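Colleague: I'm new to this one. Could you take a close look at a single part for me, the spots where the backbone does something unusual, and talk me through it?

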Amino acid sequence: MLRAQSSHPLEPLSAAEISVAVATVRAAGATPEVRDSMRFVEVALVEPDKRVVALADAYFFPPFQPSLLPRTKGGPMIPSKLPPRQARLVVYNKKSNETSVWVVELSEVHAATRGGHHRGKVISSKVVPDVQPPMVYTACPDSCFRLILFVRYTFVKNNFVILQVQDAMEYAECEAVVKDHPPFRDAMKKRGIEDLDLVMVDPWCTGYHSEADAPSRRLAKPLIFCRTESDCPMENGYARPVEGIHVLVDMQNMVVLEFEDRKLVPLPPADPLRNYTPGETRGGVDRSDVKPLKIVQPEGPSFRVNGHFVEWQKWNFRIGFTSREGLVIYSVAYIDGSRGRRPVAHRLSFVEMVVPYGDPNDPHYRKNAFDAGEDGLGKNAHSLKKGCDCLGYIKYFDAHFTNFTGGVETIENCVCLHEEDHGMLWKHQDWRTGLAEVRRSRRLTVSFICTVANYEYGFYWHFYQDGKIEAEVRLTGILSLGALQPGETRKYGTTIAPGLYAPVHQHFFVARLDMAVDSKPGETFNQVVEVNVKVEEPGKNNVHSNAFYAEEKLLKSELQAMRDCNPLSARHWIVRHTRNVNRTGQLTGYKLVPGSNCLPLAGSEAKFLRRAAFLKHNLWVTSYARDEMYPGGEFPNQNPRIGEGLATWVQQDRSLEEADIVLWYVFGVTHIPRLEDWPVMPVEHIGFTLMPHGFFNCSTAVDVPPSTCEMDLKENEMAAKPIQNGLIAKL
């Protein structure tokens, strides 16, 4: 047998593989001019067919489980090696304004190359017409460092504060172009702004509102802000929005296409409560009564990690990462005693975000960002800081990306893996004997955090000892504000400080759940049922008017499976295996339990719904198709096509009665800003749960051992407390 490749088929691309992929595509350029014009938006792993993943997990990599493969006569045919890994590149030609997609084959020698002189093999390339790729955050050379700096985080080393910064090439160039535009300088002077180093120009994608936003041009409409202090790099610059100015920038040629000073709105006064840095640096005093809290695991963690393969408390899965989605969880399975490794899901990730604002005034009506498709959640991720972002014994994973010019950027400590105490798992005390059994709950958390302009988002996957999987998003950061005329108020927002208001808005997230409940890779034996609780009609079956029951309905096809949450009927959905049963004869399954949720608070003709038709329902169900990955299509930036993506795919109305099921769960929060959200918003939590429903024969948490601590030991040394006389009398 030949030596197997060293990287699992789902292992994220290494820095060396990204370099080889970029070099291969650049070398394939027809002319030096074409090669020089190439800008690299994304380099991502081509995820192989599910059967290739099964083959790798059966014979080449942990969990080494041959039972994942279908049985064949004469025994399994064990291959000598796996197919070569491939990379998919999205390339923007800055000269021609064309977007192309390339697929490059990699190999061991290509991935291990030094100096980048080896090449991969171009498998395919095509120009994608009538699209614009995402805007790109990437490192600038030193010469453009003065243009703009995006501060990521701080840490203290040798009593010095070190700023970790990442700047953005397209964004930095856009800011420089706008600041150099003479009418813009005049407009700043009219508002009393002389020092343009205080001015912040945040490019926003234009969306699509009319033919003027068509993707034949690469456009941005910046929002303008002005800091107060030139010597305070951590000042909250979003506290002074500059309004009344219309700017349209051609991002391909970096020129201002349109400029208009439409309305002179006074610059809001400096708010003394605008900053959020420690103590005196924000003009305040920190609390003095917060004592240290340390998480200690003297014997180390309960999880084991092999590369990106994780094992913990009968769970096992793989960790992946992409520049668009950020964290991806693959091959989720549970070890269930004699039944062995039982799959739950093939792939879990957050594939899109939409943030529409509810103020009809300019410029806020245009604020409807697609933070994954227009920017990229993964590329905006943080390098996490131990003790602040994560506590306890932590395993970190780095992430590698391409920058706009084809270099490789690495975010160290990008993904955090650690255990958390989660309170009580279960408890019961027998009132007759006074004896009690209680277990602490522990969960394994995998997470990353990203910043998109003013907001921060933390994305978490929690795995529990009772078989649950919880998906959670934590929202924090800084409100996107507007300026008010003296004495003015807006009913579409909340006044935060003199001259400042925060528009109402919503945050929507889309989780793509490629399920595999009790299913081997490639099997099509899952279905989805909707469960609603019904009140029994009065009559002979309900003489006391107290009866209610759970009613199930099979979602037979994709058009039937466009569903909304309904807390009044405790609505939830169960993904079931159509052939496996538990000890009572019920089909095994996992149910999706919604958390708090909402739908878009917008009219049916709202412009952002052209590109975000998937927001019209909380749940969509499709039959798996390899190229159906993003609910708004791959290129939502300036997308003129109505309902592209999920809303179009389901028109095929494919059967779901026995299929390879993909759930698309859309969940959101309506944000009516409070004064308490300023200057930085306390975390708001939102999410959902995947919960076993007849998947096991009983609770999987009964075998969790009792916890012990120093206090328990001291109490156990004491004499047992006698049962109270009153209880003895009862007995």
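Modeller: Let's start with Phe64, which counts as partly exposed because its relative accessibility is 47%, between the cut-offs of 20% for buried and 50% for exposed. Keep in mind that this is a predicted model. You'll find Phe64 in the loop that links α3 (50–60) to β2 (86–93). Its backbone is the curious bit: phi is positive, at about 50 degrees, even though Phe64 is not a glycine.

Now hop along to Asp130, in the loop between β4 (121–128) and β5 (150–157). Here too phi is positive in a residue other than glycine, this time near 60 degrees. With a relative accessibility of 44%, Asp130 counts as partly exposed.

Next come the cis peptide bonds. One runs from Asp362 to Pro363, with omega near 5 degrees. Pro363 sits in the loop between β17 (341–356) and β18 (368–370). Another cis bond goes from Trp678 to Pro679, and its omega is near 10 degrees. For Pro679, look in the loop between β33 (661–671) and β34 (681–692).

For a change from loops, turn to helix α5 (residues 169–179): nine of its 11 residues are buried, so the rest of the structure largely encloses it. Among the buried ones are Met169, Tyr171, Cys174 and Val178, and also Glu170, Glu175 and Lys179.

Conventions:
Residues are numbered from 1 along each chain as its sequence is written. This is a predicted model: local features need pLDDT of at least 70, side-chain atom pairs count only at pLDDT 80 or more; totals for chains, interfaces and linings use all residues. Side-chain values use heavy atoms; hydrogens and water are left out. Buried means under 20% relative accessible area, exposed over 50%, partly exposed in between (1.4 Å probe, protein chains only). Helices (H or I, at least four residues) and strands (E, at least two) are DSSP runs, numbered from the N terminus.
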